[in-house]
Amino acid sequence: RSVAFVGMALSGDLTLVGRDLIRLLLGPGWERAGHIFTLFGPGIGVMILYQIHGWINLSLGRADRWFRWGLFEAAVTVLLLVMALHWGPEGIAIAWTASYFILIAPSFWYAGKPIDFGFTPVLATTWKYLVASLVAGSATAAIVRVSLPTVLASSASGALVRMVTTSVVFLILYLTVVIVLYRGYEPLLQFRGLLREMLPSGLSSKPAADVAAK
């Protein structure tokens, strides 16, 4: 749940600010690169969540299954990329994003097969974050389109303003939708508890279990 919480937020935000981010980092003349970057954005959250299937294989002591799945993953990804070559860099970006959406369900099914753990429990735990990202992203795009004209992005300072404003609006809407879907602050408290556990020993005053219980 915590991985999905962060991953879907990153996915939605980077999709929205991709053009401005590339403009800020690389300067003018990289507009097409910014457009391509936004096509990678929707797959970032799913990619982060997808990596968890490796944790399952390792925790079961089945590195052999992880290796076999890696070969299958490589074959599917290469096939998609070859099929997308006709559409150039944009097609490659879309194929990369699509590969994770295609592979995530079977990857969890295969990794969890020895213990009868499939993709259904993963989907049941994470789908609300995907919905929150889609809703918040769509609303943010509409708001930014009206309030911040594209001409602002023609300069580095304008791109920075658009990027910061877009990110703040998206984050507020994303957290709001998450709270509404979960009817409370449980996901936020759980994530805060996880951050406390990640702090060096002695810096965290309360264990995650205490925070989640509240």
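**Exercise 1. Which residues in α1 meet which residues in α8?** Then work out how the two helices are oriented to each other.

*Solution.* A quick reminder before we start: this is a predicted model.

- Step 1. Look at the contacts. On the α1 side you will find Ser2, Phe5 and Val6, and they meet Leu188, Gln190, Phe191 and Leu194 of α8.
- Step 2. Take the geometry. Helix α8 covers residues 186-198, and α1 packs against α8 at an angle of about 100 degrees, with their axes 9 Å apart.
- Step 3. Classify the angle. Angles of 65 to 115 degrees count as roughly perpendicular, and α1 and α8 are therefore roughly perpendicular to each other.
- Step 4. Sort the residues of this contact by type: five are nonpolar, two are polar and none is charged.

**Exercise 2. Describe how α1 packs against α2, using the angle between them.**

*Solution.*

- Step 1. The angle between α1 and α2 is about 175 degrees, and their axes are 7 Å apart.
- Step 2. Since angles over 145 degrees count as roughly antiparallel, α1 is roughly antiparallel to α2.
- Step 3. Now the composition: the contact of α1 with α2 has 14 nonpolar residues, 10 polar ones and one charged.

**Exercise 3. Find the residues that touch the most other members of the largest nonpolar core, and say which helix gives the most to this core.**

*Solution.*

- Step 1. The largest nonpolar core has 29 residues, and those touching the most other members are Leu49, Tyr50, Ile104, Phe108, Tyr129, Tyr174 and Val178.
- Step 2. Trace the core back to the helices. At least two of its residues come from each of α1 (2-26), α2 (31-50), α3 (52-59), α4 (63-84), α5 (88-112), α6 (120-147) and α7 (156-182).
- Step 3. Pick the top contributor: α5 gives the most, with seven residues.
- Step 4. Zoom in on one member. Not counting residues up to four places away in sequence, Tyr129 touches Arg1, Ala4, Phe5, Met8, Tyr174, Val178, Tyr182 and Pro187.
- Step 5. Don't miss the other core, which lies apart from the largest one and has five residues, including Leu14, Leu21, Ile44 and Met163.

**Exercise 4. Check the length of α7 against its number of residues, then locate its buried residues.**

*Solution.*

- Step 1. With 27 residues at 1.5 Å a residue, α7 should span 39 Å.
- Step 2. Compare with the model: the end C-alpha atoms of α7 are 38 Å apart, which agrees.
- Step 3. List the buried residues of α7: Gly158, Ala159, Arg162, Met163, Thr166, Phe170, Tyr174, Val177, Val178 and Tyr182. What covers them includes α1, α6 and α8.
- Step 4. Take one example. Thr166 has a relative accessible area of 4%, and buried means under 20%, so Thr166 is buried. Leaving aside neighbours within four places in sequence, Thr166 is in contact with Asp13, Leu16, Val17, Thr140 and Val144.

**Exercise 5. Are Asp116 and Arg183 buried or exposed?** Give the loop and the phi of each one too.

*Solution.*

- Step 1. Place them. Asp116 lies in the loop between α5 and α6, while Arg183 is found in the loop between α7 and α8.
- Step 2. Read the backbone angle. Asp116 is not a glycine, yet its phi is positive, near 55 degrees. Arg183, which follows α7, also has a positive phi, near 55 degrees.
- Step 3. Apply the cut-off for exposed, over 50% relative accessible area. Asp116 has 77% and is exposed. Arg183, at 81%, counts as exposed.

Technical notes:
Residues are numbered from 1 along each chain as its sequence is written. This is a predicted model: local features need pLDDT of at least 70, side-chain atom pairs count only at pLDDT 80 or more; totals for chains, interfaces and linings use all residues. Side-chain values use heavy atoms; hydrogens and water are left out. A nonpolar core is a set of buried Ala, Val, Leu, Ile, Met, Phe, Trp, Tyr and Cys residues joined through side-chain atoms within 4.5 Å. Buried means under 20% relative accessible area, exposed over 50%, partly exposed in between (1.4 Å probe, protein chains only). Helices (H or I, at least four residues) and strands (E, at least two) are DSSP runs, numbered from the N terminus. Contact means heavy atoms within 4.5 Å. Axes are lines fitted to C-alpha atoms, for helices over the stretch in contact, and angles run from 0 to 180 degrees between N-to-C directions. Angles under 35 degrees count as roughly parallel, over 145 as roughly antiparallel, 65 to 115 as roughly perpendicular and the rest as oblique. Ala, Val, Leu, Ile, Met, Phe, Trp, Tyr, Cys and Pro count as nonpolar, Asp, Glu, Lys and Arg as charged, and the others, Gly among them, as polar. The expected span of a helix is 1.5 Å times one less than its number of residues.
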